[in-house]
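Got the model open in your viewer? Let's walk through it one selection at a time.

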Amino acid sequence: GQIGVTQDNPWDYFISGFSSPENRHLAIPYDMALASGVNELNFLATRLEKLDRGEYGGLILAAAGLKRLGLEERITRYYTVEEVIPAAGQGILALQGRRDMDYGFLKGFLDTDSFYAATCERAFVRALDGGCSAPIAAYAQVEGKRLKLTGLYYNEDLRKQITGSVEGNVMDAERIGNSLAKHLKESINEV
């Protein structure tokens, strides 16, 4: 059996266990027919056993997890972000606390690139009225003072999807997310 994985980076994500029936189809347009039929949320060992028995044609998993478990030799293909756009916020750690607390001691842990990426991705999802199970994907990359957002929007009523990207200054992260969401929402009928 084959295992395809996402690139080994902080935005590694897991796509073999789809969290909702609405999202299952999103893997297929990205030349990932391997993912069809893989829809249970099982442990990795169970998935690998089923793959070895021929119950699955393939699995799509996070590279980092397989490497940590010493299973790197099972990897047969790496998918790029261009092929599989991750869900918004993948790999970004956020802390939440009470309003009346002083969090000044955490300033040394702030990664500004991640902050701008998360702000942009969250704005994109929010502008499309998305949530945890919405078939929406967003990936923001920061290089210097530039931010590039790649997004996917799936309109469930129309059963159509569209992808796009936009770039701008990191200081405009929220505007960039809103802008791409608006553009994709307006352009979905042309697909």
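Start by colouring this predicted model by pLDDT. Where is confidence lowest, and where is it highest? Select strand β1, residues 2–6, for the low end: the mean there is 47. Then jump to helix α4, residues 173–187, which sits at the high end with 97. Across the protein the average is 77, and 77% of the residues score at least 70.

Next, grab residues 1–42. pLDDT stays under 50 over that stretch, though the model does give it 127 contacts beyond four places in sequence. Where pLDDT is low, the predicted coordinates should not be read in detail. So much for that part; on to the sheet.

Select β4, β5 and β6. They form an open sheet of three strands, in the order β4-β5-β6, with antiparallel pairing. At the edges you'll find β4 (136–143) and β6 (160–169), each pairing on one side only. Neighbouring strands here are turned by 10° against each other on average, ignoring direction.

Now zoom in on β4 and β5 (residues 146–155). How many bridges join β4 to β5? Eight, with the two strands running antiparallel. For a landmark, show Y139: the residue standing opposite, in β5, is T150.

Finally, bring the helices back. Pick α3, residues 112–127: this helix lies across β4 and β5, running at about 150° to β4. Then return to α4, the high-confidence helix from the start of the tour. Helix α4 lies across β5 and β6, at about 150° to β6.

Technical notes:
Residues are numbered from 1 along each chain as its sequence is written. This is a predicted model: local features need pLDDT of at least 70, side-chain atom pairs count only at pLDDT 80 or more; totals for chains, interfaces and linings use all residues. Side-chain values use heavy atoms; hydrogens and water are left out. pLDDT is the predictor's confidence in each residue, from 0 to 100. Helices (H or I, at least four residues) and strands (E, at least two) are DSSP runs, numbered from the N terminus. Contact means heavy atoms within 4.5 Å. Two strands pair if DSSP finds at least two bridges between them. Axes are lines fitted to C-alpha atoms, for helices over the stretch in contact, and angles run from 0 to 180 degrees between N-to-C directions.
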